[in-house]
Each structure stands twice: as structure tokens, then as C-alpha cells.
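Biologist: I am new to this structure and should be grateful for a close look at one part of it, namely the aromatic pairs. Please set that part in the context of the whole chain.

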Amino acid sequence: MLAEERCDRIVALVNEKKSVTVQELMDMLGASESTIRRDLSLLDSRGEIVKVYGGAVAVTVKQHDDDVRERRILFPEEKKLIAKYAASLVKRDDFVYIDAGTTTEYIIDFLTETGAVYVTNAASHAKKLSRNGFCVYLAGGRLKRSTEAVIGSTAADFIMRYNFTIGFWGANGIHRTIGFTTPDPEEADIKQVSMSRCKRRFIVADSSKFGVISPVTFSEFKNAAVITDKKDGIYSECANIISAH
């Protein structure tokens, strides 16, 4: 069997079964372990499957944003763990950017550094920061109802004025080759601009986001560290993945 034909079969099997082990692929395709592992690495780099420990799983494509009210009830304990770690990184005199999102919102609950200044593109975040006694600036622009993010060229121009020392962003999908992704091009623009103006960049995301791909890439995988609840599968090998445990 030719290499490309074998790879096509692997993708078809993974998509059909949702997950397969290396041993199953060896048995079904009559190939050696080293050959299967090499094929899985190649297919993972193409974004066609997600290589995990001992096998592969199908790529999850996330086309649309869930409403923020729905996302707030998902993985609350994992998000709090991640947020507490992230908040501990903020130091006195930091100029902090906090992206819209449910995990980034939890960070505010754990912030103690009143000497820092905070900028956000989320109206709910700004209100919470102000109520907790922090100095906060809110980007202006169009408010997106489903995510409560302020987006558009006005918000981008506002953010471009600043140079942040540290920042935290959410992501709908995390993939080593495709990068950090989100469904909305306008929201991706704000994430991209704010990350470009920041010295220390952190994606805060629970481990369910690994291997997920949304339509718009806003940053390469190598451009930020990822604070998550646990290292899992092939992502445990990545130096920029930080476990909050």
C-alpha cells in the first residue's frame, strides 16, 4: 500500500470511529508500528487528525460561538484552577490586557494586584474589575451579544495605542499546526492586534480545546504559552503548555 493511500485510509478510519489506537491501525492496515506513528505525526501536522498518546482522534471543528451564558456553566472548576494560576502572574506596575471570555473572566476573581492597570475588550470584565477596585480601561466599538466582546476597527485602533506587559486570551480551538482559532473574523482581529502589542502572552483554556479547530486563526501556536488544567496526549510534549495543577 502506498504511503498516501495508507494516510487516506487512516483519516477515514479515524473520522469513522472517532478514535483509534496505533495497534488497531497496525492490524487493519498491515503496517509496522513505526510506519503508523510516522503517518500519524504527518497527518497531525496537516491538521487532518489529532495525534494523542497511543493513537489518534478525529479533529473537532467548531464553526460557531456558543452563547456566553451557556459557556459559563462548562468546566467551571477547571476554569477557576486556570484563572487562579494566571492571576498569580500579574505583578505590581504591570499593564495587563484581558480578552473577552469565560475563562478570562474568572481571572478577575483572583486578582490582588491593585498597582497594575487593566485593559479589556469585554464590558462585563470592565464592570467587574471596576467594582473590585482596579484601574481599568474598556475598548470602545461594537458589542457582540453572544460573547460580550467589544469588536470592530474602533476597538482595534484603541488597543493599538498601548504596549502591554502581560495579557490573557481565550481560544475556541488549539492546534499545534493550525494555531489558536476562533469562529469570528472580527473577534480574531482584536485578539491578533492585542497579542501583537503584548510582551508576555498567555492563552487560558481548559483541555477540551486541544485538537479543536475553528474557522479563523488569530495566532501561531508558538506565539503564546497555554495555561490549562492538564497536559494531555501529544500536547504534553510541548514546552509552551503550562499545567495549572
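Modeller: A residue counts as exposed when its relative accessible area is over 50%, and as buried when that area is under 20%. The model discussed here is predicted. By that cut-off Asp93 is exposed, because its relative accessible area is 61%. Asp93 sits in the loop that runs between helix 5 (76-88) and strand 5 (95-98). Apart from neighbours within four places in sequence, Asp93 is in contact with Gly115 and Ala116. From Asp93 to Phe221 there are 128 residues in sequence, and the C-alpha to C-alpha separation in space is 28 Å.

Strand 5, which follows that loop, leads to the aromatic residues. Across the whole structure, a search finds twelve aromatic pairs. One of them joins Tyr97 and Phe164: the ring centres are 5.3 Å apart and the planes stand at 55°, so this pair is tilted. Tyr97 belongs to strand 5 and Phe164 to strand 10 (residues 164-169), so that the pair links distant parts of the chain, 67 residues apart. Both Tyr97 and Phe164 are buried.

A further pair consists of Tyr118 and Phe134, whose ring centres are 5.2 Å apart; the planes are at 70°, and the pair is therefore edge-to-face. Tyr118 is in strand 6 (residues 117-120), whereas Phe134 is in the loop between helix 7 (123-131) and strand 7 (135-138), so the pair ties together parts 16 residues apart in sequence. Tyr118 counts as buried because its relative accessibility is 0%. Phe134, at 8% relative accessibility, also counts as buried. Tyr97 and Phe164 appear again in an aromatic cluster, which they form together with Phe95, Phe158, Tyr162 and Trp169.

The start of the chain offers another view of burial. Helix 1 (residues 3-17) has 15 residues, which at 1.5 Å a residue should span 21 Å; the C-alpha atoms at its ends are 21 Å apart, in agreement with that expectation. Within helix 1, the buried residues are Arg6, Cys7, Ile10, Val11, Leu13 and Val14. These residues cover an arc of only 165° around the axis, which means that they lie on the same side of helix 1. The elements against which they pack are strand 1 (19-21), helix 2 (22-29), helix 3 (33-46), strand 2 (49-52) and strand 3 (55-58). Lys18, just after helix 1, takes a positive phi of about 75°.

These parts belong to a protein chain with nine helices and 17 strands. Its radius of gyration is 20 Å, close to the 18 Å given by the globule rule for 245 residues, so the chain is as compact as a globular protein of that length. Along the principal axes, the C-alpha atoms fill a box of roughly 65 × 35 × 30 Å. Of the 245 residues in the chain, 53% are buried. When contacts between residues at least 6 apart in sequence are considered, 61% join residues at least 24 apart. The protein chain exposes about 11,400 Å², of which carbon and sulfur atoms supply 50%.

Notes: Residues numbered from 1 in each chain as written. Predicted model: local features only at pLDDT ≥ 70, side-chain atom pairs only at ≥ 80, totals over all residues. Heavy atoms only, no water. Helix = DSSP H or I, 4+ residues; strand = E, 2+ residues; numbered from the N terminus. Expected span 1.5 Å × (residues − 1). Buried < 20%, exposed > 50% of the residue type's maximum accessible area, 1.4 Å probe, protein only. Arc of directions from axis to C-beta. Contact = heavy atoms within 4.5 Å. Rg over C-alpha atoms; globule rule 2.2 N^0.38 Å. Areas by Shrake-Rupley, 256 points an atom, 1.4 Å probe, with all protein chains shown as cover. Phe/Tyr/Trp six-rings, centres within 6.5 Å; stacked < 30°, edge-to-face > 60°.
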